[in-house]
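Colleague: I would like to go through this model with you and ask how each label was earned. Could we start with the terms and then move to the residues?

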Amino acid sequence: AAEGGTDVAGVGSVLLCRNVRRGDFNGICLDGGRSSSYNLQPEIERAAALKQWYHEELETGKADIVSVGGAGGGAGGNGASLEATMDRCTISEVLENTTSGLNSGKNVVVSVARARVTHIRSGENVKMWYPSCPGDKKKLHETGTGVWRCEACEKEYEQPLNRFILSLRVADSTGEQFISVFDEHGKVMMGCSADEMSEMERNEPWKLAQVLSGAEGKLWLMRLRAKEDMYKEEKRIRFTAVDVRPVDYASESKVLLEQIKAYETSK
């Protein structure tokens with residue numbers, strides 16, 4: 001949906017994008033700017049034809065995205081809010097369903113998991129954020145004149161806008177998996193911005209250590225996207241958090257009760 005809007009674009013929705021550029025960051029992405037505009041579910045003939053084609057492909061099993069669920073059954077990546085989605089996969093189910101989905105020819109597998117952060121990659125040789133262009137989010141490069149330049153839009157800035165590129169290990173009682181977390185969800189999980197963490201690293205490293213320590217051990221409800229890509233000429237599966245929420249224990253208790261009822265009914 002357009003920035004600042006309240007609509008949610010679920011899987012199968014049509015989003016009309018104008019004046020955007022196709023990029024290849026983290027797979028395939030669209031980069032927007034000030035002149036970009038977005039229209040969710042536009043009422044035009046081409047959008048209706050595209051949506052009809054998608055659902056026909058989905059019914060025949062040819063669509064390139066598959067959403068999987070755990071004990072709750074149903075789809076975990078259908079665009080519903082995490083709290084409203086009854087599906088929960090264990091980490092082992094996420095890995096099994098991902099392997100099964102990708103082996104069947106799907107390009108992307110989406111699942112919902114409830115897992116705890118057990119480790120955040122950090123240290124001298126680990127980049128937890130990158131200096132980005134405030135306009136198009138591309139990486140900025142520092143020049144010899146003390147300014148930062150974006151090669152994509154050819155603009156220069158006195159200071160970059162730092163954005164998270166976190167690598168976290170999440171786990172439950174069945175297994176563990178490293179996932180990538182980017183800026184929007186990184187702010188939620190870290191409790192601060194990448195700019196603030198960069199400032200801590202320069203001036204208050206002890207405070208940065210406290211933030212990292214405080215972020216570990218927390219339990220999250222997360223929607224994970226799994227996609228196969230190439231790294232150093234080898235295929236690998238990359239897991240990325242596309243939605244994260246703190247666990248609401250009252251809501252999760254209701255989910256567990258429904259799962260117990262479903263299990264008892266199926267016996």
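Modeller: Gladly. A nonpolar core is a set of buried Ala, Val, Leu, Ile, Met, Phe, Trp, Tyr and Cys residues joined through side-chain atoms within 4.5 Å. Buried means under 20% relative accessible area, exposed means over 50%, and partly exposed lies in between, with a 1.4 Å probe and protein chains only. The model is predicted: local features need pLDDT of at least 70, side-chain atom pairs count only at pLDDT 80 or more, and totals for chains, interfaces and linings use all residues. Residues are numbered from 1 along each chain as its sequence is written, and side-chain values use heavy atoms, with hydrogens and water left out.

Colleague: Thanks! Which residues have the most contacts inside the largest nonpolar core?

Modeller: They are Leu-168, Ile-179, Met-189, Met-190 and Met-197, in a core of 34 residues. Its largest share, five residues, comes from β6. Another core, of five residues, lies apart from it and includes Cys-133, Trp-148, Cys-150 and Tyr-157.

Colleague: What does Met-190 touch, not counting residues up to four places away in sequence?

Modeller: Met-190 touches Ile-120, Phe-164, Leu-166, Met-197, Val-211, Leu-212 and Ala-215. Contact here means heavy atoms within 4.5 Å.

Colleague: What makes β6 and β13 a pair?

Modeller: Two strands pair if DSSP finds at least two bridges between them. Strand β6 (residues 108-120) and strand β13 (residues 219-231) have nine bridges, in the antiparallel sense, so the definition is met. In β13, Arg-225 is the bridge partner of Val-110. β6 also pairs with β11 (residues 161-172), again antiparallel, over four bridges, and Arg-116 stands opposite Ala-171 in β11. The strands themselves are DSSP runs of E with at least two residues, while helices are runs of H or I with at least four, numbered from the N terminus.

Colleague: Why is Asp-136 called buried?

Modeller: Its relative accessibility is 6%, and the cut-off is under 20%, so Asp-136 counts as buried. Asp-136 lies in the loop between β7 (129-132) and β8 (141-142). Leaving aside neighbours within four places in sequence, its contacts are Arg-21, Asp-31, Gly-32, Cys-150, Ala-152 and Cys-153.

Colleague: How do you know that the side chain of Asp-136 has a polar contact with Lys-138?

Modeller: A polar contact is a pair of N or O atoms within 3.5 Å; within protein, one must be able to donate a hydrogen and the other to accept it, and residues adjacent in sequence count only if both atoms are side-chain atoms. The backbone nitrogen of Lys-138 lies 2.9 Å from a polar atom of the Asp-136 side chain.

Colleague: And why is Leu-102 called buried?

Modeller: Leu-102 has 14% relative accessibility, so it too falls under the cut-off. Leu-102 is in helix α2 (residues 91-103), and its C-alpha is 8.8 Å from that of Ala-226, 124 residues apart along the chain.

Colleague: What puts Glu-252, Val-255 and Gln-259 on the same side of α6?

Modeller: These three are buried, and they cover an arc of only 55° around the axis, so they share a side of α6. The arc is that of the directions from the helix axis to the C-beta atoms. On the other side, Ala-250, Lys-254, Leu-257, Glu-264 and Thr-265 are exposed. What covers the buried residues of α6 includes β6 and β13.
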